[in-house]
Amino acid sequence: MNTRVLVMLSLLVGIGAVLHAIVPPFFLGMRPDMMLAMMFLGIMLFPKLQYVIILSVATGFISALTTTVPGGQLANLIDKPLTALAFFGLYLSLRKLLKKAVAPVLTAAGTIISGTIFLSCVLFVIGLMDASFTVMFATIVLPTAAVNTIVMVVIYPIAQRIMKRTQMNPSLPVQP
């Protein structure tokens, strides 16, 4: 594992945690999960299974620590690794087909996958919230998918340019 990549991934988790903390709640104390956008960015910048697993577990723990949803701690620990693996698989299979639209399209899809897993855990498995799945999905997941998609449209090209200009690309040899 490349230490520089791990540092970059930890920075993305930190940025996601700050964004997650400052975004106000929408409905019943639930706030959009901005950590997802940073997790997806990390997966697209460093598409290796070992990095995806480390990033998803770290994101799950930080998200569990900062959640305001009753039962969200366990749901985040389940949701983030499953979402990251699904996103990683979609990214590997669609990146050549979608080319430039891969980041926003997959971010929207990944956020919807994450929201579905999270709400399923909280509403059906843990059974701690009284709201219906459809209401929660429409008022939290879909707006979060829109916000994350807009964030990715802005951030992804910037991150790609930064990666090209620096030696953060793990496939490049390190120069002394």
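How are H2 and H5 oriented to each other: roughly parallel, roughly perpendicular or oblique? I took this as the starting point for today's entries. The model I am reading is predicted.

**Entry 1: H2 against H5**

I looked up the packing angle of H2 and H5 and found about 130 degrees, with the axes 10 Å apart. Angles over 145 degrees count as roughly antiparallel and 65 to 115 as roughly perpendicular, with the rest from 35 degrees up being oblique. H2 and H5 are therefore oblique to each other. I noted the handedness of this crossing as right-handed.

I then listed the residues at this contact. From H2 they are Leu36, Phe40 and Met44, and they meet Ala103, Thr107, Gly110, Thr111 and Ser114 of H5.

**Entry 2: H2 against H4**

I repeated the lookup for H4. The axes of H2 and H4 cross at roughly 45 degrees and come within 10 Å. That angle makes H2 oblique to H4. The crossing of H2 past H4 is right-handed.

On the H2 side I wrote down Leu36, Met39, Phe40, Ile43 and Met44; on the H4 side, Lys80, Thr83, Ala84, Phe87, Phe88 and Tyr91. Leu36, Phe40 and Met44 thus meet residues of H4, and they also meet residues of H5.

**Entry 3: the nonpolar cores**

Which residues touch the most other members of the largest nonpolar core? I found Ile43, Phe46, Met152 and Tyr156, in a core of 34 residues. At least two residues of this core come from each of H1 (3–22), H2 (35–45), H3 (49–66), H4 (72–98), H5 (102–126) and H6 (133–165). H2 gives the most, with ten residues.

I also found a second core, separate from the largest one, with ten residues, among them Phe118, Leu119, Val122 and Leu123.

I followed Ile43 further. Apart from neighbours within four places in sequence, Ile43 is in contact with Val52, Leu55, Ala84, Phe87 and Phe88. Ala84, Phe87 and Phe88 are also on the list of H4 residues that meet H2.

**Entry 4: the UniProt record**

I checked the annotation last. The unreviewed UniProt entry places "transmembrane region" at residues 6–28, 49–69, 105–129 and 135–159. I compared two of these ranges with the model. Residues 49–69 are 86% helix and 0% strand, with the end C-alpha atoms 29 Å apart. For residues 135–159 I noted 100% helix, 0% strand and 35 Å between the end C-alpha atoms.

Terms used:
Residues numbered from 1 in each chain as written. Predicted model: local features only at pLDDT ≥ 70, side-chain atom pairs only at ≥ 80, totals over all residues. Heavy atoms only, no water. UniProt positions renumbered as here; feature names shortened; annotations may be inferred. Helix = DSSP H or I, 4+ residues; strand = E, 2+ residues; numbered from the N terminus. Core = buried A, V, L, I, M, F, W, Y, C linked by side-chain atoms within 4.5 Å. Buried < 20%, exposed > 50% of the residue type's maximum accessible area, 1.4 Å probe, protein only. Contact = heavy atoms within 4.5 Å. Axes fitted to C-alpha atoms, helices over the stretch in contact; angles between N-to-C directions. Left-handed = near helix turned anticlockwise from the far one by under 90°.
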